[in-house]
Amino acid sequence: MNKKKLIYTENIKLSERANRLIPGGAHTYSKGDDQFPANAPKIIDRGSGCKVWDVDGNEFTDMAMSLGTVIMGHAYEPVLEAVRKELNRGVNFLRPSVIEGELAELLVDLIPSAEMVKFGKHGSDAVTGAVKLARAYTGRKYVARCAEDAFNAIHDWFIGSTVITRGVPEEIQSLTLKFTYNDLASCEKLFAQHPGEIACFILEPISFVEPADGFLEKLKMLCEKNGTLLIFDEVVSGFRFDLGGAQKMIGVTPHLSAFGKAMANGFSVSALVGQKEFMRLGGITHEQERVFLLSTTHGGETHSIAASIACINEIKKQNAIKHFWDAGKALMEGIKNAAAETGAEKYISVSGYTVKPAFAFKDETGEVSMVARTLFLQETIARGLLMPYVVPCFAHKKEDIDFAVACIKDALQVMKDAAEGSGMAAAIEGRIVKPVFRKFN
Ligand SMILES: Cc1ncc(COP(=O)(O)O)c(C=O)c1O
């Protein structure tokens, strides 16, 4: 594959402005300069399908699809058509609009745990709403979260349990406990250490690893035995593993769950869903003490809700869930073959569900390494591929997967040559990428 001639005049100018005015230069840490090598495009101008163009007109194939939100493709016309229709009718009103009930009904039909629904704008709104409700329902203060989940919410109860604790009071930090996925004993231990004090267990029901030995069923039973709520964070898995969420696929129904990301093809909608017994506490008709659940000015924004209805209908109509699984499978197989053909198997590992592939990059010592990741990103970007992570979407067709695999094969060859020559670090032009969750810059 030829390397692209990447000229970044406008990119540099506009990125300097963004960095001068916006802390981190972006509104999501995973979009920041520290996440990408020096040759990455800095400012995106537009997208269509699985292609994006930067502000200098350079074209890239996008494997990340905007943090997993744009599940049907950039500027997907059936969703845009539904949005345009709502825009002309007004976008927010002093009382609920008809479309809120329409999406709520659709979600209740699709998601096993959904008897009632409350909308937000971000996955964090829905996840933290669920935690609040669990604390209110149980009258308990501790939250147990899965240690392997990379992210659940921007709020203090979660961020205080990461390495970036600055700004989160120690009292708050101490209220979030951690358990290990697929390790029921680690959950039992928390119950033994904090009897009658844990409000909820929250986790991504499936992420990269399969639930083993009935872990989720057993965790639900354990929670119920201890009067604790089970919350599934389906912000990523929802509308991707299955239209009814991972809970539908695996057949375990939590008490509450949170959806976001892919539910509106990039428009901002999230949903806290759950059983009536809990959700009704956020309402205005019960006789108990009130719970201030989610209440947001923009939660009922009509065009985002219309985008979600259109997105869900298109996923159904196009049988898109099957497409996500198949596209991911083709990519994973292509990468494994490319690694075998170049003899670079020891520099990349491919794992996880095909609908959510995971990659790790290793250096010449065999360790997973940011140097190896940087070199991989640098070499794929040089050939026109953006793949900081992979979210298979409906717009990824065979030719896009073939293109991605060809770019990756070249990148693996460069990694192998560097590893066997002067070392991977010497082949990097500029900075080494860093993890988002680190204590210091
Ligand atoms: C599993 C998971 N839950 C929750 C969130 C929070 O979603 P949002 O960024 O929309 O608040 C994320 C975001 O990446 C996530 O990956």
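Which residues in H4 meet which residues in H12? The question is put here to a predicted model. From H4, the residues are Ile-99, Glu-100, Glu-102, Leu-103, Leu-106, Leu-107 and Leu-110. They meet Thr-302, Ile-305, Ala-306, Ser-308, Ile-309, Ile-312, Asn-313 and Lys-316 in H12. Nine of the residues in this contact are nonpolar, three are polar and three are charged.

Two packed helices are described by the angle between their axes and the distance between the axes. Here, helix H4 spans residues 98-110 and helix H12 spans residues 302-317. Their axes come within 9 Å. The crossing angle is roughly 35°. The crossing of H4 with H12 is left-handed.

Asn-152 was examined next. This residue lies in a loop. Strand S5 (142-146) stands on one side of the loop, and helix H6 (156-159) on the other. Asn-152 has a relative accessibility of 3%, so it counts as buried. Its side chain takes part in polar contacts with two aspartates. With the side chain of Asp-149, the distance is 3.3 Å. With the side chain of Asp-233, the distance is 2.9 Å. Asp-233 also appears among the residues that Asn-152 touches when those up to four places away in sequence are not counted. The others in that list are Ser-124, Val-127, Arg-145, Trp-157 and Phe-158.

The cysteines were then checked for bonds. A disulfide is a covalent bond between the sulfur atoms of two cysteines. The count of disulfides comes to zero. Cys-50 is in no disulfide, and the nearest cysteine sulfur, that of Cys-393, is 6.0 Å away. The cut-off for a disulfide is 2.5 Å between sulfur atoms. Cys-50 is also buried, because its relative accessibility is 3%.

Why does Cys-146 form no bond with Cys-187? The sulfur of Cys-187 is the closest cysteine sulfur to that of Cys-146, but the two are 8.2 Å apart, which is too far for a bond. Cys-146 has a relative accessible area of 1%, so this residue is buried.

Lys-225 gives a contrasting case. Is Lys-225 buried or exposed? The relative accessible area of Lys-225 is 70%, so the residue is exposed. Lys-225 belongs to helix H9, which covers residues 215-225. Along the chain, 148 residues separate Lys-225 from Arg-373. In space, the C-alpha atoms of Lys-225 and Arg-373 are 44 Å apart.

How values were computed. Residues are numbered from 1 along each chain as its sequence is written. This is a predicted model: local features need pLDDT of at least 70, side-chain atom pairs count only at pLDDT 80 or more; totals for chains, interfaces and linings use all residues. Side-chain values use heavy atoms; hydrogens and water are left out. Helices (H or I, at least four residues) and strands (E, at least two) are DSSP runs, numbered from the N terminus. Buried means under 20% relative accessible area, exposed over 50%, partly exposed in between (1.4 Å probe, protein chains only). A polar contact is a pair of N or O atoms within 3.5 Å; within protein, one must be able to donate a hydrogen and the other to accept it, and residues adjacent in sequence count only if both atoms are side-chain atoms. Contact means heavy atoms within 4.5 Å. Axes are lines fitted to C-alpha atoms, for helices over the stretch in contact, and angles run from 0 to 180 degrees between N-to-C directions. A crossing is left-handed if the near helix is turned anticlockwise from the far one by less than a right angle, and right-handed if clockwise. Ala, Val, Leu, Ile, Met, Phe, Trp, Tyr, Cys and Pro count as nonpolar, Asp, Glu, Lys and Arg as charged, and the others, Gly among them, as polar.
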